[in-house]
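Please look over the sequence and the model below before reading on. The text after them goes from the overall make-up to single residues.

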Amino acid sequence: QVDKQIYDFFAELEMEDLIPALAQNAFVHFEYLRYFQDSEMDLCNFSLIQKKVFKYHQHRIGRMIDSANQSTQSTAAEGSTDVDPSLSPGQGQAPSQRVRSRHSSAPSPPQAANRAQVCKQRDRNGTTGPGNVAPVDVATLEAEKNFEGLVKVLYKPDRVLRCEAVEALTRLACTDNNRIPIARAGAIKALVHVLHTGDAAMKMMAPEAFYNLAYKNADIRKEMVDAGAVKRLVQVLNNSDSNIRYLAARAVKRIAYSSTACQIAVGDNGAIDQLVLLLQNRDIEGQIQATKALNNYAYNHVRNKTVIARSGALIPLVQILKSGTSVGKIQAARLFRSLADVADLHALISDAKAVAPLVQLVDTWSAEAQAQAAWALYHLSYTPAIRNEIKRAKGKELLENLSCKGNDEGKTAATLLLPRLQ
């Protein structure tokens, strides 16, 4: 249905030549959706993912139309116009004519859709635009891995070019060998600038670029912190668009990974309060990314764990344990396991009514969830009152079963915990 909507949309605009490129890009995403649909994931989750993918393509459609219109208008001076000058742009025209161009001398759809072709045609005619400024072809810059050229585009006023450049850098950053050269080209500061000055589409794409660049590179993550990326991402966490919040939380999660300096920056810039708000939100994907970000923030840092426990995160985390998705429950149990490693937080965890849901999670079908819950209970069992809570929730019987049928991690946790419940 979504594919047909996109096709009909372009067919009405007489821009059918754009459809193959879009379909090729969309194919992977919709195949991904079909995988989730065929799996045991509940329909609610599938609908959320489908909605986000469609919204993503709506942004792409908007950018492609902007690009087509801009290319059309830049070449209109080469022809004449039959439009009545007394009419305002688009008046008295069919909808498809209005979107294609303000001029009847608009180029054919392939010219309007392909920025590179238009640029080459201008070069052959000796007309490169006002002031003879050479046109920018982002596709060529990407193909040549001209990172400096792409970074320069991020500072240009043309929003379509900026969007294309962010997308290009995001794709290039997927390759290990490209990340350091991209960072050295000044992309970090430029992407921070995009987050600060860009529109909603750019705020959706820039966090994805940060996410890719930060992969397995502590130096780049530190550079992001120094450039003010965390501050801007935290501001974006408060955006009204759930897609943008999700992508920003994912970027914060990766920046906070395994680095004390980055963890401190995440906390000092107010990310914890925003992440807790995401936990309280009904957006399932946002909850999962927020929980993962808090896990990274808490890693190997007692003070950070205390900050999380006292920030209001425990109640929504318990709710995720009770009614969240499988992934959400695993991440929430992992975070409780981390927090339970601090004895001073046991009373807060108990007061949040987390013990019984953790016991119930030991009986779930997910071996990973079972193991995380069992280890959380093991740490909490150092407190006598919580041992009694585990017994009242019939945790002993469930743990005995886990010690025989769980995965290696779950068996180990259950085996260590059971003697304390005798």
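What follows is a walk through a predicted model, from its overall composition to helix packing, charged pairs and a few individual residues.

The protein has 27 helices and 0 strands. Of its 422 residues, 50% count as buried. How many of the contacts between residues at least 6 apart in sequence join residues at least 24 apart? The share in this protein is 67%.

Helix α18, residues 284–298, is a useful place to start with packing. Helix α15 packs against α18 at an angle of about 15 degrees, and their axes are 8 Å apart. Angles under 35 degrees count as roughly parallel, and α15 and α18 are therefore roughly parallel to each other. Their crossing is left-handed. On the α15 side, the residues that meet α18 are Y246, A249, R250, K253 and R254. They face E285, G286, Q289, A290, K292, A293 and N296 in α18.

Helix α16, which covers residues 260–268, also meets α18. The axes of α16 and α18 come within 9 Å and cross at roughly 125 degrees, so the two helices are oblique to each other. This crossing, too, is left-handed. In α16 the residues involved are Q263, V266 and G267, and their partners in α18 are N296, Y297 and A298. N296 thus appears in the α18 lists for both α15 and α16.

The next topic is charge. Side chains of opposite charge can pair when their charged atoms come close. A search of the whole structure finds 8 salt bridges, and among them are three described here.

One of these is formed by E142 and R171, with the closest N and O atoms 2.9 Å apart. This pair links distant parts of the chain: E142 is in helix α7 (residues 138–143) and R171 is in helix α9 (residues 159–172), 29 residues apart. E142 is buried because its relative accessible area is 18%, which is under the 20% limit. R171, at 42% relative accessibility, counts as partly exposed.

Another salt bridge joins E208 to R250, and here the closest N and O atoms are 2.5 Å apart. E208 belongs to helix α12 (residues 200–213) and R250 to helix α15 (residues 242–255), so this pair links distant parts of the chain, 42 residues apart. E208 counts as partly exposed at 23% relative accessibility, whereas R250 counts as buried at 13%. R250 is also one of the α15 residues that meet α18.

A further salt bridge is the one between E409 and R337, whose closest N and O atoms are 2.8 Å apart. Because E409 lies in helix α27 (residues 408–417) and R337 in helix α21 (residues 326–339), the pair ties together parts that are 72 residues apart in sequence. Both residues are partly exposed: E409 has a relative accessible area of 29%, and R337 has one of 23%.

Which side chain of opposite charge is nearest to R254, and how far away is it? R254 lies in helix α15 and is buried, yet it has no salt bridge. The nearest side chain of opposite charge is E208, 8.1 Å away. A salt bridge requires the nitrogen and the carboxyl oxygen to be within 4 Å. Not counting residues up to four places away in sequence, R254 touches Y211, N212, A214, Y215, R221 and N296.

A190 is an uncharged residue to consider next, placed in helix α11 (residues 187–197). At 0% relative accessibility, A190 counts as buried. Leaving aside neighbours within four places in sequence, A190 is in contact with V151, L154 and Y155. A190 and K152 are 38 residues apart in sequence, and their C-alpha atoms are 8.2 Å apart in space.

Two lysines remain, and the topic here is the backbone. Most residues other than glycine have a negative phi. K145 has a positive phi of about 55 degrees although it is not a glycine. K145 is placed in the loop between α7 and α8, and its relative accessible area of 45% makes it partly exposed. For K216, phi is near 55 degrees, again a positive value in a residue other than glycine. K216 is found in the loop between α12 and α13. Is K216 buried or exposed? K216 counts as exposed, because its relative accessibility is 68%.

How values were computed
Residues numbered from 1 in each chain as written. Predicted model: local features only at pLDDT ≥ 70, side-chain atom pairs only at ≥ 80, totals over all residues. Heavy atoms only, no water. Helix = DSSP H or I, 4+ residues; strand = E, 2+ residues; numbered from the N terminus. Buried < 20%, exposed > 50% of the residue type's maximum accessible area, 1.4 Å probe, protein only. Contact = heavy atoms within 4.5 Å. Lys, Arg positive; Asp, Glu negative; His and termini not counted. Axes fitted to C-alpha atoms, helices over the stretch in contact; angles between N-to-C directions. Parallel < 35°, antiparallel > 145°, perpendicular 65-115°, else oblique. Left-handed = near helix turned anticlockwise from the far one by under 90°.
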